[in-house]
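Student: I should like to work through this structure one local feature at a time. May we begin once it is displayed?

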Amino acid sequence: MMGKHENKGMARPQIQSLDSNPYVAPRRRVTSKLSGPALSQITIQAIEICQAIQSVESSVTLIADKATMVRVYIDQTSLAGGVQLRGELKVRKTATGPATYVPALEDLAADPQDATKLIDKRNLTGASLNFRLPTTVTAAGALLVEVNRIWPAGGDDAMFGGVTSSTVEFVYGPPLRIRCIGLRYVDTGTGQTHTPDAVHFAYLRSFLERAYPVPSVDWSQIVVEANFAAPFNDQTVLRANAQIAAIRSSEVDNGMDPRTHYLALVDDARGRNFMRGRAMGIPDAAAPDTVASAPCGVPNGFAGDHDLSYADWYGAHELGHTFGRFHPGFPAGTQDASDPDFPFEEGQLSDADQKFVGYDLGDAGLGIRLQALAGTHHHDLMTYAERQWICAHTFEAIRTRLIEEDRQFDPAIV
Ligand SMILES: [Zn+2]
């Protein structure tokens, strides 16, 4: 039964074959190591300050206290020879304030033969000097980022010019408040009981922290007995939503923060019991009492996902509805196009101009590595397309809605 706004989740297709990623960085061989004097002046092409999604001009809002990376792009053709370059940033909250010095995460294997264009370098994390900003400098307010030093491994400081500094603004963003409820059910066909594994909660929590426009996720989780059993039908997800809406109502009455969003996870029993996800609605204004339910399981290629859980992007999609996000309408014919303002072709993170690149800053605890997600190769998490991440449109809209929800319960917040 579809309401005015289609808000059902993605159906599980046939398992896809492994797709090749054309954006995997080729390993470059550095042919010689030169010390300082052999370096001519190094030209810095750009400095990009990135969180989940960014343009090279750093035009996407930067959330205070959210994990942040700085990328410094060097014109390698300005070098005299192949070299391992190191770098150091100097960052300050004000022009006259105390400075913090930040070393690059890794050396840049620089090669003067490498004429990769800036637009393509952005899709390769190994093609820039990267710096992880300490949380002490990402508080709300301005941040002045300067390249302080660049030098070849074992050599003296190099001279450098070009884009040597950037000033950006970090803005306050509320945390994401989530209560995740695993619904344990019995499959009457097999007699087996199915409970979401811990990995699904962990992947969802981590994904929300990495992709959503929030400094942090205030998270809690429980598992309760579902008031339904398998086999499932079209009503199952409605019952799941009704059950957690009742739990939410009771818990909020007993002191739970009323800004908390509730999401149910229902295990797919290795594909045997796939409950298509659904939000209870798509509110036009702040309504954190809108609940949603999502399936969870091992993806095996579902939507281009080959890791341990699809609960991450699937749950982020259903939660996106509870923050008022509609479907962009991609792939065409598989979902409604109820978001008329969605700006990017094919539901991608970027148009063909590659203005936007997604950044997954990773999660060491889950073995998820730092990745640049090419904007034309990845798709917004409100689509049904493959390789999902968050686009700038969704990032800014959820940020705005989170602030509206905060204001609803605390008008003092501006
Ligand atoms: Zn949806």
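**Contacts, crossings and backbone geometry**

Tutor: Leaving aside neighbours within four places in sequence, Ala 153 is in contact with Gln 84, Arg 86 and Asp 107. Please keep in mind throughout that this is a predicted model.

Student: Where does Ala 153 lie, and is Ala 153 buried, partly exposed or exposed?

Tutor: Ala 153 belongs to the loop between β9 (141–152) and β10 (160–162). Its relative accessible area is 23%, and the partly exposed class runs between 20% and 50%. Ala 153 is therefore partly exposed.

Student: How far apart in space are Ala 153 and His 377?

Tutor: In sequence, 224 residues separate Ala 153 and His 377. Taken from C-alpha to C-alpha, the separation in space is 34 Å.

Student: Turning to the helices, how are α2 and α4 oriented towards each other?

Tutor: Two packed helices are described by the angle between their axes and the distance between the axes. Here the axes of α2 (residues 198–211) and α4 (residues 311–322) come within 8 Å and cross at roughly 60°. Because that angle falls in none of the parallel, antiparallel or perpendicular ranges, α2 is classed relative to α4 as oblique.

Student: Which hand does the crossing of α2 and α4 have, and which residues make the contact?

Tutor: The crossing of α2 and α4 is right-handed. From α4, the contact is made by Ala 311, Asp 312, Trp 313, Gly 315, Ala 316 and Leu 319. The α2 side contributes His 200, Tyr 203, Leu 204, Phe 207 and Leu 208.

Student: How many residues of each class does the contact of α2 with α4 have?

Tutor: Tyr 203 of α2 and Trp 313 of α4 take part in the contact, and both residue types count as nonpolar. Gly 315 also takes part, and glycine is counted as polar. By class, the contact has one charged, two polar and eight nonpolar residues.

Student: How many disulfides does a search of the whole structure find?

Tutor: A disulfide is a covalent bond between the sulfur atoms of two cysteines. The cysteine sulfur nearest to that of Cys 50 belongs to Cys 391, 17 Å away, whereas the cut-off for a disulfide is 2.5 Å. Cys 391 is likewise in no disulfide. The number found in the whole structure is zero.

Student: Are Cys 50 and Cys 391 buried or exposed?

Tutor: The relative accessibility of Cys 50 is 0%, so Cys 50 counts as buried. With a relative accessibility of 0%, Cys 391 also counts as buried.

Student: Which residues does a cis peptide bond join in the loop between β14 and α3?

Tutor: The loop between β14 (217–225) and α3 (236–253) holds Pro 231. Omega is about 5° at the cis peptide bond, which joins Ala 230 and Pro 231.

Student: What is omega for the cis peptide bond joining Phe 330 and Pro 331?

Tutor: Pro 331 is placed in the loop between α4 and β18 (356–360). For the cis bond joining Phe 330 and Pro 331, omega is about -10°.

Student: What is phi of Ala 269, and is Ala 269 buried or exposed?

Tutor: Ala 269 occupies the loop between β15 (261–267) and β16 (278–279). Its phi is positive in a residue other than glycine, near 50°. Since its relative accessibility is 10%, Ala 269 counts as buried.

Student: What is phi of Arg 387?

Tutor: Arg 387 is found in the loop between β20 (379–380) and β21 (388–389). With a relative accessible area of 18%, Arg 387 is buried. Although Arg 387 is not a glycine, its phi is positive, at about 50°.

Definitions and conventions. Residues are numbered from 1 along each chain as its sequence is written. This is a predicted model: local features need pLDDT of at least 70, side-chain atom pairs count only at pLDDT 80 or more; totals for chains, interfaces and linings use all residues. Side-chain values use heavy atoms; hydrogens and water are left out. Axes are lines fitted to C-alpha atoms, for helices over the stretch in contact, and angles run from 0 to 180 degrees between N-to-C directions. Helices (H or I, at least four residues) and strands (E, at least two) are DSSP runs, numbered from the N terminus. Angles under 35 degrees count as roughly parallel, over 145 as roughly antiparallel, 65 to 115 as roughly perpendicular and the rest as oblique. A crossing is left-handed if the near helix is turned anticlockwise from the far one by less than a right angle, and right-handed if clockwise. Contact means heavy atoms within 4.5 Å. Buried means under 20% relative accessible area, exposed over 50%, partly exposed in between (1.4 Å probe, protein chains only).
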